[in-house]
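Here are a few exercises to work through with the model open beside you. Try each one yourself before you read the solution.

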Amino acid sequence: MSDATPQSTFRGLPLTPEQDAEVRHYIKKKAQHGAPWDTPELEAMLRDMLEPPSDDDGGLGSTVDETKAATERATASIDETMEPIEACEERNAAMETEGMRGPKR
């Protein structure tokens with residue numbers, strides 16, 4: 001497959017080869033069924049491809065960091081001499097307690 005360039009992609013848009021193939025496949029399927037292909041659905045698909053997702057929730061990174069910290073605090077409460085099942089139950093209880101405390105701000 002040749003590289004997709006703005007000159008060779010759909011409407012000259014800066015699409016990756018995979019995105020361009022997806023758009024052309026969509027148009028081909030619509031044409032096969034005799035349906036119009038230049039639809040709001042196609043516009044939405046192109047918008048999703050060209051615009052990066054918004055970062056409304058503060059980013060996934062902060063959630064991951066909070067989860068790691070909660071896990072570390074819960075793991076710290078486990079005694080190495082505990083039986084494996086007891087240790088698992090203690091860790092789960094500690095994780096529930098951390099979850100009830102909510103995110104650290």
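**Exercise 1.** Leaving aside its neighbours within four places in sequence, which residues is leucine 46 in contact with?

*Solution.* Some ground rules come before the answer. This is a predicted model, so local features need pLDDT of at least 70 and side-chain atom pairs count only at pLDDT 80 or more, while totals for chains, interfaces and linings use all residues. Residues are numbered from 1 along each chain as its sequence is written, and side-chain values use heavy atoms, with hydrogens and water left out.

Now look around leucine 46, taking contact to mean heavy atoms within 4.5 Å. Once you skip the neighbours within four places in sequence, you find Phe10, Leu13, Leu15 and Val23.

**Exercise 2.** Work out how far the prediction can be trusted, and where.

*Solution.* Start with pLDDT, the predictor's confidence in each residue, from 0 to 100. Its mean over the chain is 76, and 76% of the residues reach 70 or more. Next, go element by element: helix 1 (residues 17-32) has the highest mean, 90, and helix 3 (residues 60-76) the lowest, 72. Keep in mind that where pLDDT is low, the predicted coordinates should not be read in detail.

**Exercise 3.** Describe the overall layout of the chain.

*Solution.* Count the elements, which are DSSP runs numbered from the N terminus (helices: H or I, at least four residues; strands: E, at least two). You get 4 helices and 0 strands, in the order α-α-α-α from the N terminus on. Then check burial, where buried means under 20% relative accessible area, exposed over 50%, and partly exposed in between (1.4 Å probe, protein chains only). Of the 105 residues in the chain, 18% are buried. Finally, take the contacts with a separation of 6 or more: 34% of them are between residues 24 or more positions apart.

**Exercise 4.** Sort helix 1 into its two sides and check its span.

*Solution.* First list the buried residues of helix 1: Gln19, Asp20, Val23, Tyr26 and Ile27. They sit on the same side of helix 1 because they cover an arc of only 125° around the axis, the arc being that of the directions from the helix axis to the C-beta atoms. Glu18, Lys28 and Gln32 are exposed on the other side.

Pause at glutamine 19: it counts as buried because its relative accessibility is 18%. Apart from neighbours within four places in sequence, glutamine 19 touches Pro14 and Met49.

For the span, multiply 1.5 Å by one less than the number of residues. The 16 residues of helix 1 should span 22 Å, and the end C-alpha atoms are 22 Å apart, which agrees. After helix 1 comes glycine 34, with a positive phi near 70°.

**Exercise 5.** Do the same for helix 2, then find the largest nonpolar core.

*Solution.* In helix 2 (residues 40-50), the buried residues are Leu42, Met45, Leu46 and Met49. Their arc around the axis is only 95°, which puts them on the same side of helix 2. Pro40 and Asp48 are exposed on the other side. The buried residues of helix 2 pack against helix 1.

Now join the buried Ala, Val, Leu, Ile, Met, Phe, Trp, Tyr and Cys residues through side-chain atoms within 4.5 Å, which is how a nonpolar core is defined. The largest one has 9 residues: Phe10, Leu15, Val23, Tyr26, Ile27, Leu42, Met45, Leu46 and Met49. Helix 1 and helix 2 are the elements that give two or more residues to this core, and helix 2 has the largest share, 4 residues.
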